[in-house]
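Let us go through the chain shown here step by step, beginning with how far its model can be trusted and ending with the pairing of its strands.

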Amino acid sequence: MRSLIMALTATLALTAPASAHAFLDHAEPPVGSTMQKAPRSLSLWFTEDLEPAFSGATVTDTQGHTVDAGKSQVDPHNRRLMHVPVKALGPGSYRVNWHALSVDTHRTEGNYAFTVESR
Amino acid sequence: MGRPWLRAGLLALMTTLVPLGSAFAHCVVGNRFFPATLNVDDPCVADELSLPTISSFKTGDNPAANELDISGEFSKTITEDFGVSVGSTWTQLRTPGSPTATGFKNLETAFQYQLLKDPTHEFAMMASLGIEWGGTGASSVGADPFTTYTPTLDVGKGFGDLPTEAGWLRAFAVTGSLGYAIPGSASTTSVDPDTGDVTVTQNPRVLQWGGSLQYSMPYLKSAVVDLGLPDFANQLIPIVEAQFSTPVANTADSGAKTTGTVNPGIIYVGDTYQVGVEAIVPINRDSGGNIGVIGQLHLYLDDMFPKTLGRPLIDTSAIDKGR
């Protein structure tokens, strides 16, 4: 145990600024939500700052057709926020596939679904 | 070189080597994050430090002893897919009618290789060779005089690839571990210092198996449905671990009875660390004399030191800049 404490001390001596993997924190429309009104763009908030050039998202419908309207963008004023423009969405379920590179070079990816309700 | 210096030397070597490349560790497989489990290994090579892990329980001996263990384990990636770990445990044994025994158990190391990470199916598989170095610990706390080699296969599977209709069930995941402990010596000879009697004890080969069932609230929020729960609740992973040992060869002295524990508990996952606590429930009298407890602070070194200690020593995969 004494040696482990010594090793921990040595480790802490190499201290660098802590960062972490960029995971999805929350989104608008929310993950798994059912919307009465189709969104014109999606917003994804992450737990860490993103590298804009290597982070992005696509949106597909249940047939696998892409419904995003152009390239997703990391907000220049808030690098934890990603905007994804989408086409006019009809009723149905949609899947968002995102990938992220945090500023400390950790890669993450994920996906979730939301639904636009029939009116 | 004495034992404390051997331990410190090994650990210092691992902590001071200068990383050369970029990093990608942590047990993240697609949408899924497998936390470091307290008893069975998680299925990923990683840069991490478990310090301390503290457990208290009654042993399965007769009479049962109160055992307190304080341990640490340091894991380091050499390449993105290959890593090593070193661990040590300090033990206190209080047996009724006997003096309290304290000391280190044998030093343990492991060489680990990431066989597979399948993001689509949230599946990970790791092979490892664990080595418990005989004679590096104190015999008074049960450290064996012989070295034991344990090849092990660890797997993890998340259920996020179930149909969307499965809903909240998709946040479940399981891990499994199967190892075969092979003593470096088939028998141990001991001499009673008082009578001079010689005793030969057969050292069994032991199947070590177990796993965990876990429910990831972080997964539920980020990949299934955001219920708007408080942040604290969204960081929890309720878990049940189980670990068993079954002697399968050279069992003349040990018998072939399976021992083990089932450990229900919970893990809180922070940005750069996790904290876990579990009950230790023995499956039979030979496995323990009461319900014990284990707690652990686990540090994600790849997140704490992303540009130094948290990177593989040798970079084998450039960042995919084409994504």
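**From contacts to strand pairing**

In chain A, 62% of the contacts between residues at least 6 apart in sequence join residues at least 24 apart. This figure belongs to a predicted model, and its reading depends on the confidence of the prediction: pLDDT averages 87 over chain A, with 83% of the residues scoring at least 70. One stretch calls for caution, since residues 8-17 of chain A stay under 50 in pLDDT, although the model still has 13 contacts beyond four places in sequence for them.

With that reservation in mind, the secondary structure of chain A can be summarised as one helix and eight strands, and, when the sequence is followed, their pattern reads α-β-β-β-β-β-β-β-β, with the helix placed ahead of the strands. As for burial, 35% of the 119 residues in chain A count as buried.

How are the strands put together? Four strands of chain A form an open sheet in the order E2-E8-E7-E4, and the pairing within this sheet is mixed. Its edges are strand E2, at residues 34-35 of chain A, and strand E4, at residues 56-61 of chain A, each of which pairs on one side only.

Between these edges, strands E8 and E7 stand next to each other in the sheet order of chain A, and it is worth looking at this pair in detail. Strand E7, covering residues 92-101 of chain A, and strand E8, covering residues 107-116 of chain A, pair in the antiparallel sense over 10 bridges. Within the pair, Ala100(A) stands opposite Thr108(A), a residue of E8(A).

Terms used. Residues numbered from 1 in each chain as written. Chains lettered and ligands numbered in written order. Predicted model: local features only at pLDDT ≥ 70, side-chain atom pairs only at ≥ 80, totals over all residues. pLDDT = per-residue confidence, 0-100. Contact = placed C-beta atoms within 7 Å. Helix = DSSP H or I, 4+ residues; strand = E, 2+ residues; numbered from the N terminus. Buried ≥ 20, exposed ≤ 12 C-beta atoms within 10 Å, placed from the backbone. Pairing = 2+ DSSP bridges.
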